[in-house]
Amino acid sequence: MCVRKQPHIEIKNLLDSLSNDLKSGDKHTWILNNLLRDLKAIERRMKSGEYADTDFENRNSFDIPRRTREFFRYFRGYMRQAQTWKVLLKNLPMNSFPSLINICPGWAPKIELALHLSGYEGQVILFDKNQDSLTSLMDFLEFFEPRFTLKTVLSDVYSLPKPTAKLVIGNHILDDLLLNKFCQDHNLILEDVYESESTYKEIIQKIMTRKLSKEFIAETAQALQAFCEPGATLILTQYPALAETDLTLTDWTRFCHDFLLALKAIFLQLGAVDEGTTVLKGLETQTAKYFSAEHAIVLKTSPYRQQLDL
Ligand SMILES: C[S@@+](CC[C@H](N)C(=O)[O-])C[C@H]1O[C@@H](n2cnc3c(N)ncnc32)[C@H](O)[C@@H]1O
């Protein structure tokens, strides 16, 4: 008769056997990294209580229809964003921009799909501090054979030197800059925040317990201005993202939107001109748009370099 062992003994045996197996030394780094990530995720979910309901086993099984549905849901989202961005780009003299910078694009193509659909032929500079994000984005873009050329710059928004261009785009980056700042101040790893719903929510709540710091707003304005050649077009958006609506993070969406408006006020003080009315026209009549004019700012920066008093 087979006697079932108690789960904690089975777990211990399994971990022993796994660690013996891993000692064999012929395991690829990606296997070890994935295993470590999965185990850390389990630990986090156990601590937060989320592990009471786990879809972990489901996710590890081979369910093609579910994976396809999920993939399409994301891809539909990217395409809707790209179509929305295409409406904006149509109102800009794209041929007059030999290059443009996409700040913190992350791992998914959104602006790049819009540029591809618009037939842009210049150079697209992808600026992000995470190599995995840039690699994943470049891999994805290879499928589309865009007419534009790509250059990646691995660096921090708040560091110098940085590339400059006549068109600078930051699509939904203000939440990321806030999360990143919190992680830096508290010695946390930003990528871990994106991988855990509970950590993400917890950190957002912590950030919102304080008013948006004036110094950080000014620092961010200065950092963004440093990407802009004099008289450049700077476009920033901050709309309710899928994760925010799925997790009903309305206060967070508003917090980040206030950040957007605060930045706009600083740029106007620095002599920028608001070009929103011209460039964002067309958005309101677009059906199934991803964001509206109120979620975007379009500024023509001053033709003279203005110094911000920090
Ligand atoms: C969630 S992803 C994508 C955000 C994206 N723009 C979007 O469309 O939602 C955020 C990216 O911002 C990058 N990031 C955050 N703070 C940064 C900083 N201070 N400097 C450079 N990259 C940063 C991260 O490395 C990550 O790849």
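In the predicted model, K90 belongs to helix 4, which covers residues 64–90. K90 has 13 other C-beta atoms within 10 Å; because a residue counts as exposed at 12 or fewer and as buried at 20 or more, K90 is classed as partly exposed. Although K90 and G282 are 192 residues apart along the chain, a distance of 9.5 Å separates their C-alpha atoms.

The protein as a whole contains 13 helices and seven strands. Its C-alpha trace extends over about 80 × 45 × 40 Å along the principal axes. Of the 310 residues, 25% are buried. When contacts between residues at least 6 apart in sequence are considered, 80% of them connect residues at least 24 apart.

The seven strands are arranged in an open sheet of mixed pairing, with the order 3-2-1-4-5-7-6. The edges are occupied by strand 3 and strand 6 (273–274); each has a single partner strand, so one side of each lacks a neighbour in the sheet.

Strand 1 (residues 99–103) runs parallel to strand 2, and five bridges connect the two. One of the paired positions is N102, whose bridge partner in strand 2 is L126. The connection from strand 1 to strand 2 passes through helix 5 (residues 111–118) and forms a right-handed β-α-β crossover. Strand 2 (residues 123–128) is also parallel to strand 3, to which six bridges join it. Among the residue pairs between these strands, Q123 is bridged to T149 of strand 3, and F127 is bridged to V153 of strand 3. A right-handed β-α-β unit is made here too, by strand 2, helix 6 (residues 131–142) and strand 3.

Strands 2 and 3 can be compared by burial. In strand 2, five of the six residues are buried, and the strand is mostly covered. In strand 3 (residues 149–154), the number of buried residues among its six is zero, so this strand lies largely in the open.

Elsewhere in the sheet, strand 4 (residues 165–171) and strand 5 (residues 228–237) are parallel and are joined by six bridges. I169 has I235 of strand 5 as its bridge partner.

The packing of nonpolar residues was examined next. In soluble globular proteins, nonpolar side chains tend to be buried together. The largest nonpolar core of the model comprises 57 residues, of which I101, I103, A165, V168, I169 and L234 touch the most other members. Helix 12 (residues 250–269) supplies the largest share of this core, with six residues. When residues up to four places away in sequence are left out, L234 touches V168, L224, C228, L299 and T301. I169 thus appears both among the core residues that touch the most other members and in the bridge to I235 of strand 5.

The shell around the ligand is made up of 18 residues, and C104, G106, N130, S133 and N180 come nearest to the ligand. By residue class, the shell consists of seven nonpolar, six polar and five charged residues. Helix 7 (residues 174–185) makes the greatest contribution to this shell, providing three residues.

Key:
Residues are numbered from 1 along each chain as its sequence is written. This is a predicted model: local features need pLDDT of at least 70, side-chain atom pairs count only at pLDDT 80 or more; totals for chains, interfaces and linings use all residues. A residue is near a molecule or strand if its C-beta atom, placed from the backbone, lies within 6 Å of it. Helices (H or I, at least four residues) and strands (E, at least two) are DSSP runs, numbered from the N terminus. Ala, Val, Leu, Ile, Met, Phe, Trp, Tyr, Cys and Pro count as nonpolar, Asp, Glu, Lys and Arg as charged, and the others, Gly among them, as polar. Two residues are in contact if their C-beta atoms, placed from the backbone, lie within 7 Å. Two strands pair if DSSP finds at least two bridges between them. A crossover is right-handed if, with the strands pointing away from the viewer, the path from the first strand over the helix to the second runs clockwise. A nonpolar core is a set of buried Ala, Val, Leu, Ile, Met, Phe, Trp, Tyr and Cys residues joined through C-beta atoms within 7 Å.
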